[in-house]
Amino acid sequence: MLTVDLVDCSSKAQVNEFVQFHYDLYKGTPEWVPPFYADIKLMLNREKHPFFEHSEGEFLIAKRGKEVVGRLAVLENKPFNLYHNSKKAQFYLFDSINDIEVSRALFVRAFDWCKKRGLNAVVGPKGLSPFDGYGVQVEGFEHRQMMTMMNYNFPYYQDLFEGMGFHKENDFISCYISRDHFTIPEKMREVARRVEERGKFRVVNFKTRREMLGWANKIGEAYNKTFVNNWEYYPLSEREIKFTVDNILTVAVPKYIKIITYNDDVVGFILGFPDISAAMQRQGGRLTPWALADFMLELKRTKFISLNGVGVLPEYHGRGGNTLLYREMEKVLLESQFVEGELTQMADTATQVRKDIITAGSKPWKNHRIFAIDL
């Protein structure tokens, strides 16, 4: 018999059961990178996660008898709805065996929750913070997941969503870049040179974590403004900005974080993260002293980098600030240990950036789809 129940987030046993299902389902999958247990458990902690300061959510678990066969989080992001004048719910942490009865039962329960709150549509996967990966993967399954900056799922997930009547809302494309083939056009390079010569735009590089931390607040404010035209945007609270920046700076290597300023105001950035997916796979989601040592070793030997968070404030696109970004991206590949990398999860709405970087020699290689359904 199939049942769907609410997870009591105050129950350690129920939280563990909800979280563990994901690890059991994907165990042995070579392209999957295990998330950190602590990060997923934090999402279920209404006292500590900043999302729950302003919004609501429930966590559902599906069982056949005593066996867990699916799970789902259904969320109401109130600032998003207020900003976009919408009444949408979002979902995240969806996992299921290849059985549409299971996924349908989870979403029927979620739809009831939404209707009671006057919500008229459901979209996702979309998480609780900006650095939670977006979408259901629909292309590029042969490539390893980029750390925890995106989701990985089995190919049958797309069939489950389409079978339940969901449709495409948006795609997030990730592009492959290599040192041998990523070259910005000479015209763009010349624009970058002239823009920097004028003195109003400046590239800020960091040598130490202390230097980087001194810019943390400005980075957070710029991050909150840069993606204002993107589909997923909503104004973050102060605590959400701090939460996001703290997460970024915890794993950041200073020399791969670059800031673009205009008259000393932060107007753009490149957030580069050495790919430690191999070490994360070895450690299986655990944060132990040995795991931390393994991560540090992998930071030094990896030849792959993720550029996740590449942007310039919209009002500076036409002034040349974006050309500085592309030039600095090229430098990261030419002047570092990395021979290849990924531009991780760019939305359909970021049309100019995608066009520019494809012109520079990158190629799309993964696609994550946001699905939606009207209630």
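The following exchange examines several residues of a predicted model.

Trainee: Where does Leu313 lie?
Mentor: Two elements frame the position of Leu313, namely strand E11 (304-312) and helix H12 (321-334). Leu313 belongs to neither element and is placed in the loop between strand E11 and helix H12.

Trainee: Is Leu313 buried or exposed?
Mentor: The relative accessible area of Leu313 is 6%. A residue counts as buried under 20%, so Leu313 is buried.

Trainee: What distance separates the C-alpha atoms of Leu313 and Glu221?
Mentor: Along the chain, Leu313 and Glu221 are 92 residues apart. In space, their C-alpha atoms are separated by 11 Å.

Trainee: Which residues does Asn367 touch, not counting residues up to four places away in sequence?
Mentor: Asn367 has its place in strand E13 (residues 363-374) and is buried, with a relative accessible area of 3%. Contact here requires heavy atoms within 4.5 Å. On that basis, Asn367 touches Asp171, Phe172 and Ile173, together with Val136, Gln137, Val138 and Glu139.

Trainee: How many disulfides does a search of the whole structure find?
Mentor: A disulfide is a covalent bond between the sulfur atoms of two cysteines. The search of the whole structure finds zero.

Trainee: How far from Cys114 is the nearest cysteine sulfur?
Mentor: A disulfide needs two cysteine sulfur atoms within 2.5 Å, and Cys114 is in no disulfide. The nearest cysteine sulfur belongs to Cys9, at 16 Å.

Trainee: What is the relative accessibility of Cys175?
Mentor: Cys114 is buried, with a relative accessible area of 0%. Cys175 also counts as buried, and its relative accessibility is 1%.

Definitions and conventions
Residues are numbered from 1 along each chain as its sequence is written. This is a predicted model: local features need pLDDT of at least 70, side-chain atom pairs count only at pLDDT 80 or more; totals for chains, interfaces and linings use all residues. Side-chain values use heavy atoms; hydrogens and water are left out. Helices (H or I, at least four residues) and strands (E, at least two) are DSSP runs, numbered from the N terminus. Buried means under 20% relative accessible area, exposed over 50%, partly exposed in between (1.4 Å probe, protein chains only).
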